[in-house]
Amino acid sequence: MGKENITKNIAGFFEQALEIEQKSADIYAKLSKLFSHVPEVSAFWNEFAKEEKQHRDTLKEIYDSLTNEQLFSFLNEDIMQKVNEIQNILNKDLISPIKNLNDAYELAHELEYFEVEAVFKFLANKVITSEERKNFILLEINDHQQKLTVFSNKFGDATSRRRVTIRSK
């Protein structure tokens, strides 16, 4: 998993998507620890980590529901390129550069954007046939994006967020 030469089919896509969700959960858990001195902020990142694990579980359920024909159908090269881009981002050290809450917020925005564009929109539009499940995926997308908007309202603009620094290492 996570390799550039992974099979370019739905099964390979899911392998990488599951890995992306786990890595995202790990990043949010680390952000929670970096801001443990600000309980409300720490709780926010911890909740995001839990939700990423739920996304992973949802993806696994979708994967398990697909037929072999679906799993081994080939993907558009553009989709795999997007997934590979996310993997390349997630394979970097994303935590060391975080010095304040704004850095964390910007990282979350970037991760969520790539995740939505490369994984969830593709699933909702091309893979999932159940209208109920498709609606669930779209609700998940909107929920995370809405939470980041609420976060911004709650913890202030970029200048205010820069004042909230990480705990000493």
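**Exercise 1. Work out which helix gives the largest share of the lining of the largest pocket, then describe the pocket itself.**

Step 1. Start with the share: helix H5 (residues 101-127) comes out on top, with three residues of the lining. Keep in mind that this is a predicted model.

Step 2. Now the full list. Around the largest pocket sit Ile10, Leu66, Gln70, Ser73, Leu75, Asn76, Ile79, Phe122, Lys126 and Val127.

Step 3. Sort that lining by class and you get six nonpolar, three polar and one charged residues.

Step 4. Finish with the volume: the largest pocket holds about 160 Å³ of space.

**Exercise 2. Find how many cavities of 30 Å³ or more there are, and say what lines the largest cavity.**

Step 1. Why bother with a probe at all? Rolling one the size of a water molecule over the atoms shows where empty space is left.

Step 2. With 30 Å³ or more as the cut-off, the count is one cavity. About 40 Å³ of space lies in the largest cavity.

Step 3. Its lining is made up of His55, Glu112, Glu115, Val116, Phe120, Glu140, Ile141 and His144.

Step 4. Next, assign helices. H5 and helix H6 (131-155) each put at least two residues into the lining of the largest cavity, and the largest share, four residues, is from H5.

Step 5. The class split for this cavity lining is three nonpolar, two polar and three charged.

**Exercise 3. Decide how H1 and H4 run relative to each other: roughly parallel or roughly antiparallel?**

Step 1. Get the geometry first. Helix H1 (residues 10-34) packs against helix H4 (residues 77-90) at an angle of about 30°, and their axes are 10 Å apart.

Step 2. Apply the cut-off: angles under 35 degrees count as roughly parallel, so H1 and H4 are roughly parallel to each other.

Step 3. For handedness, H1 passes H4 in a left-handed crossing.

Step 4. Who touches whom? On the H1 side the contact uses Phe13, Gln16, Glu19, Ile20, Lys23, Ser24 and Ile27, while H4 brings Ile79, Met80, Val83, Asn84, Ile86, Gln87 and Leu90.

Step 5. Classify the residues of the H1 with H4 contact and you have eight nonpolar, four polar and two charged.

**Exercise 4. Do the same job for H1 and H2, starting from the angle between their axes.**

Step 1. The axes of H1 and helix H2 (residues 39-65) cross at roughly 165° and come within 7 Å.

Step 2. Angles over 145 degrees count as roughly antiparallel, so that is the label for H1 and H2.

Step 3. The H1 and H2 crossing is left-handed.

Step 4. In the contact of H1 with H2, the residues break down into 14 nonpolar, six polar and five charged.

**Exercise 5. Characterise the packing of H4 and H5, and list the residues that make the contact.**

Step 1. H4 and H5 pack with axes 10 Å apart and an angle of about 150°.

Step 2. The cut-off of 145 degrees is passed, so H4 and H5 are roughly antiparallel to each other.

Step 3. H4 passes H5 in a left-handed crossing.

Step 4. From H4, the contact takes in Ile79, Lys82, Val83, Glu85, Ile86, Ile89 and Leu90; from H5, Glu110, Leu111, Phe114, Glu115, Glu117, Ala118 and Phe122.

Step 5. By class, the H4 with H5 contact has nine nonpolar and five charged residues, with no polar ones.

Definitions and conventions. Residues are numbered from 1 along each chain as its sequence is written. This is a predicted model: local features need pLDDT of at least 70, side-chain atom pairs count only at pLDDT 80 or more; totals for chains, interfaces and linings use all residues. Side-chain values use heavy atoms; hydrogens and water are left out. Axes are lines fitted to C-alpha atoms, for helices over the stretch in contact, and angles run from 0 to 180 degrees between N-to-C directions. Angles under 35 degrees count as roughly parallel, over 145 as roughly antiparallel, 65 to 115 as roughly perpendicular and the rest as oblique. A crossing is left-handed if the near helix is turned anticlockwise from the far one by less than a right angle, and right-handed if clockwise. Contact means heavy atoms within 4.5 Å. Ala, Val, Leu, Ile, Met, Phe, Trp, Tyr, Cys and Pro count as nonpolar, Asp, Glu, Lys and Arg as charged, and the others, Gly among them, as polar. On a 1 Å grid over the protein atoms alone, a cavity is a set of points where a 1.4 Å probe fits but cannot get out, and a pocket is an open set with protein on both sides within 12 Å along at least five of seven lines; lining residues have an atom within 4 Å of a point. Grid points are joined across faces, edges and corners, and a volume is the space filled by probe spheres set on the points.
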